[in-house]
Amino acid sequence: MEPVSTDVEGETGATHIRIGEPAISLVHADRTRTAARRSSTLRRTLLSADVATGFISGTGSGWISGLSPGQALVLGVVLAIGWPMMAFLSGLYASTDLQSWSTGIGDAPKLVLACLTLSWPLLAVFPALGAPHAIAGALGASTLMAAVAGLTRAGARAELHRVPGLRQRTLVIGSGEVASQLVRRLDQHRELGLTAIGYLDDPGHDAALMLVPHLGPIDSLRSILDPARVDRVMIAFSRAGHHQLLDCIRACRDADVTVDIVPRLFEFLEGAQTVNQLGGMPLMSIDPPSFSRFSGVVKRAFDIAGATCGLIALSPLLIAIAIAIKLDSPGPVLFSQQRSGWRGRPFRLYKFRSMRLGSTIEVRDDGAIVKSRDDARVTRVGRIIRRFSLDEAPQLINVLKGDMSLVGPRPLVLAEFNMLDLDWHARRADLRPGLTGPWQVAGRSNISFREMVQLDYQYVAGWSLARDLELVFATVPAVLSGRGAY
């Protein structure tokens, strides 16, 4: 191959690279070393998170079982060693998983299995230590380990993925609306560890919305993978032909580059449950949404238990916020407003007041509420509680009353609800509006009204209790990040 020269835009600016077989070999080796360093660093970070998980779970379960403080500390040390070993044996340190950019939601089955497995020997350990509540201690240990490990591991991944040297350089194929959405999501979700360095698409396509540089046509993928030090390729909607896209995937496989594909009709794949075969051809089956009476009972029981525990656990903080609001500005502590609820029925939603008395809510022509980061109407306390979504905590009362659910579509202001004019928009009202939901995790105020409605429809169309649990756990890092909170 004749050596050529090119300029590639990187995180630290443009880099002039001499492209040739020796150069490509060196860059490929450099990318391999970077991937190995990424896995090694993440392994050490997850190990630290697991050690902390074991110690917290051990001391906490020791207290639950009735052990003395000294015995509880000893148990904490034992589990600080035992839990990482169990996690390793359960495959939670697999090298393929360590290179993932996700928050670790896919580790949940292995995590639960590891916690349940470790609870069995603990059933023998607690009685041997003379614990008066051995069974409660074992159950408490497995529950604490599942909850704490999920949070610490997600936090470890999120913080590590923010380190510039460990982020994955991502190339997008496509330049339409979906590709531009993908680039915006990568920019908003820095905790995923992906940096969009540019896109490839053929001339003549609509690229006005793309926020990254155009690096060439799709056919140039093979020649740019190594010089641009690409770690991951994401194929969004493109007008490229079937064989052209297949060649892109083959090129990525040959270069050991990970490929992600945004499937067509992705808006409906929330309800996809199974992959069937038809004469060797895979088929994705999308079942129609169904909400049985039993499903409704389970979801409602989950709401009542979660809201009750939340109000009890947060009660000191809620009292402190109420006092701070009264001292900060004149007016009531709570703000209430009519929102559209289950099956379109209006209800009164409660929030901590975060604006000055007499402030009005502005609504754009498309129905979305007007918000800005430097809104003069927001009080000093209001900025703080909005930053961590604590202004929405009184909605736990709405959950107990049955107006809302812990997880569900966003509760729309009536002006927003009146702007929904398509038939499928009405499906979002099949479930109670939620305290959190896909819109909360996706970026809150950073996503458009149209995207929010689509996310709500996807959630309703593919509802499951497992999805609710996943969104609850994903809400914690989303809220702590403060992304889109204003």
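**Exercise 1.** How many helices and strands does the chain have?

*Solution.* The model is predicted, so local features need pLDDT of at least 70 and side-chain atom pairs count only at pLDDT 80 or more, while totals for chains, interfaces and linings use all residues. Residues are numbered from 1 along each chain as its sequence is written, and side-chain values use heavy atoms, with hydrogens and water left out. Helices (H or I, at least four residues) and strands (E, at least two) are DSSP runs, numbered from the N terminus. The chain has 15 helices and 14 strands.

**Exercise 2.** Determine the strand order of the open five-stranded sheet and its edges.

*Solution.* Two strands pair if DSSP finds at least two bridges between them. The order is β5-β4-β3-β6-β7, with parallel pairing. The edges are β5 (214-216) and β7 (258-261), each pairing on one side only. From one strand to the next, the twist averages 35°. Strand β4 (residues 194-200) is joined to β5 by two bridges; Leu200 has Gly216 of β5 as its bridge partner.

**Exercise 3.** Establish the disulfide count and the setting of Cys252.

*Solution.* A disulfide is a pair of cysteine sulfur atoms within 2.5 Å. The count by this rule is zero. Cys252 is in no disulfide, and the nearest cysteine sulfur, that of Cys248, is 6.8 Å away. Buried means under 20% relative accessible area, exposed over 50%, and partly exposed in between (1.4 Å probe, protein chains only). Cys252 counts as buried because its relative accessibility is 1%. Of the 486 residues of the chain, 46% count as buried.

Technical notes: Axes are lines fitted to C-alpha atoms, for helices over the stretch in contact, and angles run from 0 to 180 degrees between N-to-C directions.
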